[in-house]
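Colleague: Before I use these labels, I would like to hear the reasoning behind each of them. Please show me the model and take my questions in turn.

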Amino acid sequence: MRDRTATRAATRRRMRVTTILVPALGLLLAACTAPQSALDPAGPYAQGPHDLIRPVFAIALFVFILVQGLIIYSVIKFRRRPDDDGSLPVQVHGNTRLEIFWTVIPALILAGIAVPTVQMIFSTMDEPDGDFMTVQVIGHRWWWEFYYEDFDIYTANELVIPVDTPVRLEMTAADPGRDADRGVIHSFWIPQWAGKQDVVPGQMTYLNIQADEADRYLGMCAEYCGLSHVNMRIRGESMEQADFDAWVEQQTAPAAEPGDDLAAQGAELFGAQFDTDIGQRSCAACHQVWNGEGARAPSIGPDLTHFASREEFAGAIFETNEENLREWLRDPPAMKPMQPQNGVGMPNLNLTDEEIDALVAYLLALE
Ligand code: CUA
């Protein structure tokens, strides 16, 4: 008797836990989608497609209910009955008038939807009216390179734009550096700023973005592009014009001089050769740290001139801090799957603890 009461109490407890846990889990999952949502537009190029979703969805819902309603009606009305003599209901096969009707109506609906849709697609790719800014985007395996032609700024993974200014992205893909022959297709997508657009080697595609307010938005490569496709994030950062101007000033300045001995040691190691699985390699062979001499040029890996000004690194998947950086330098492919060869992906440089300490000090001083 007591056993049964105990069991019942346990069952009730389990049910209570379930009733709390299931909605909590639902909330948690809903929270997962919050930072990246096309249903929460934060700029006109995201607002337009979002507004188009509603009428299109309403039409789709109407058609769905109509079709499903007719199916359910027919299933019930023409179901087999006990007194069924085996004869078929009246057949409508070959009813020309009916067939024209149900061909023309959907064709008209699709044509009606196509007009605003096609207009919208072109408005997200064509040059915006009035003043706009241009940023070149190059999709690499597995990081995003941004080049601000107007200011001669190279940066990686974090796309910084001023608010209320249309920004036209001129996009292509290449690996390594500017080699289009070995590039793969990526897709640029910051859903709160605009729809997605493919980024194709050897081709130029365009996408307009614009932000209503200063904030940070998560974006992602939306086309499967290999081992670390999932680790190819974009961090969109919109700033008030004054803050953006300050950012431009900071990014156009030459790299900071190492402030202490450890950082100076790191700067030296940055140019040194290390033994890796794919031969001798140096940081400086792939990453530029522009010291103000000569012209700034694209590098094979992310430009690190102002590395520490970025809140995330390695495809914007790790927060820029000492701990993550140390782990990264110890073995990059372990933190982000890649096969470092042909200039695609960073090899393990087999660094010692002391070398890692110095390089971390140097990198974190590159404000
Ligand atoms: Cu780049 Cu997926």
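Modeller: What follows is a set of questions about the labels in this predicted model, each answered from a value and its cut-off.

Colleague: Why is C221 called buried?

Modeller: Its relative accessibility is 5%. Buried means under 20%, so C221 falls in that class.

Colleague: What makes C286 partly exposed?

Modeller: The value for C286 is 23%. Partly exposed covers the range between under 20% and over 50%, so C286 belongs there.

Colleague: How do you know that C286 is not in a disulfide with C283?

Modeller: C283 holds the closest cysteine sulfur to that of C286, at 8.9 Å. A disulfide needs the two sulfur atoms within 2.5 Å, so the distance is too far for a bond. By this rule the model has zero disulfides.

Colleague: What makes D179 and R182 a salt bridge?

Modeller: Their closest N and O atoms are 3.8 Å apart. The cut-off is within 4 Å, so the pair counts. D179 is partly exposed at 27%, and R182 is partly exposed at 33%.

Colleague: How many salt bridges are there by this rule?

Modeller: The count is 13.

Colleague: What makes E312 and R216 a salt bridge?

Modeller: The closest N and O atoms of E312 and R216 are 3.4 Å apart, and the rule asks for a distance within 4 Å. This pair links distant parts of the chain, with E312 in strand β13 (residues 312-313) and R216 in strand β9, 96 residues apart. E312 has a relative accessible area of 12%, which means it is buried under the 20% limit. R216, at 22%, is partly exposed.

Colleague: Which residues are linked with E312 and R216 in a network of salt bridges?

Modeller: The network holds E158, R216, R235, E237, E311 and E312.

Colleague: Why are R326 and E322 about one helical turn apart?

Modeller: They are four residues apart in helix α7 (residues 322-330), so about one helical turn separates them. Their side chains meet in a salt bridge at 3.4 Å, N to O. R326 is partly exposed at 28%, and E322 is partly exposed at 43%.

Colleague: Which residues make up the patch of negative charge?

Modeller: The patch consists of D164, D212, E213, D215, E240, D243, D245 and E249, gathered on the surface. Helix α4 (residues 241-252) gives the most to it, with three residues.

Colleague: What makes D212 accessible enough for a patch?

Modeller: A patch residue needs over 30% relative accessible area. D212 has 39% relative accessibility, so it passes that limit and counts as partly exposed. Its place is in the loop between β8 (205-209) and β9 (215-220).

Colleague: Which residues form the nonpolar patch?

Modeller: I59, F62, V63, L66, V67, L70, I71, I72, V75 and I76 form it on the surface. Together they have about 900 Å² of accessible area.

Colleague: Why is F62 called exposed?

Modeller: Its relative accessibility is 56%. Exposed means over 50%, so the label applies to F62. F62 is located in helix α2 (residues 44-77).

Colleague: Why is M239 called buried?

Modeller: M239 has 14% relative accessibility, and buried means under 20%. M239 belongs to strand β10 (residues 233-239). Its C-alpha atom is separated by 66 Å from that of Q91, and the two residues are 148 apart along the chain.

Colleague: Which backbone values deserve a mention?

Modeller: Most residues other than glycine have a negative phi, and most peptide bonds are trans. Here a cis peptide bond joins R141 and W142, with omega about -5°. W142 lies in the loop between β1 (133-140) and β2 (143-148). Another cis peptide bond joins D175 and P176, with omega about -20°. P176 lies in the loop between β5 (167-173) and β6 (186-188).

Colleague: Where is A314, and what is its phi?

Modeller: A314 lies in the loop between β13 and β14 (318-319). Its phi is positive, about 60°, although A314 is not a glycine. A316 is also placed in the loop between β13 and β14, and its phi is near 55°, again positive.

Colleague: Are A314 and A316 buried or exposed?

Modeller: A314 has 13% relative accessibility and A316 has 2%. Buried means under 20%, so both residues count as buried.

How values were computed: Residues are numbered from 1 along each chain as its sequence is written. This is a predicted model: local features need pLDDT of at least 70, side-chain atom pairs count only at pLDDT 80 or more; totals for chains, interfaces and linings use all residues. Side-chain values use heavy atoms; hydrogens and water are left out. Patches are made of residues with over 30% relative accessible area and no salt bridge: like charges are joined within 9 Å, nonpolar side chains (Val, Leu, Ile, Met, Phe, Trp, Tyr) within 5 Å. Accessible areas come from the Shrake-Rupley method with a 1.4 Å probe; for residues, only the protein chains shown count as cover. Lys and Arg count as positive and Asp and Glu as negative; His and the chain ends are not counted. The place of a charge is taken as NZ of Lys, CZ of Arg, CG of Asp or CD of Glu. Helices (H or I, at least four residues) and strands (E, at least two) are DSSP runs, numbered from the N terminus. Buried means under 20% relative accessible area, exposed over 50%, partly exposed in between (1.4 Å probe, protein chains only).
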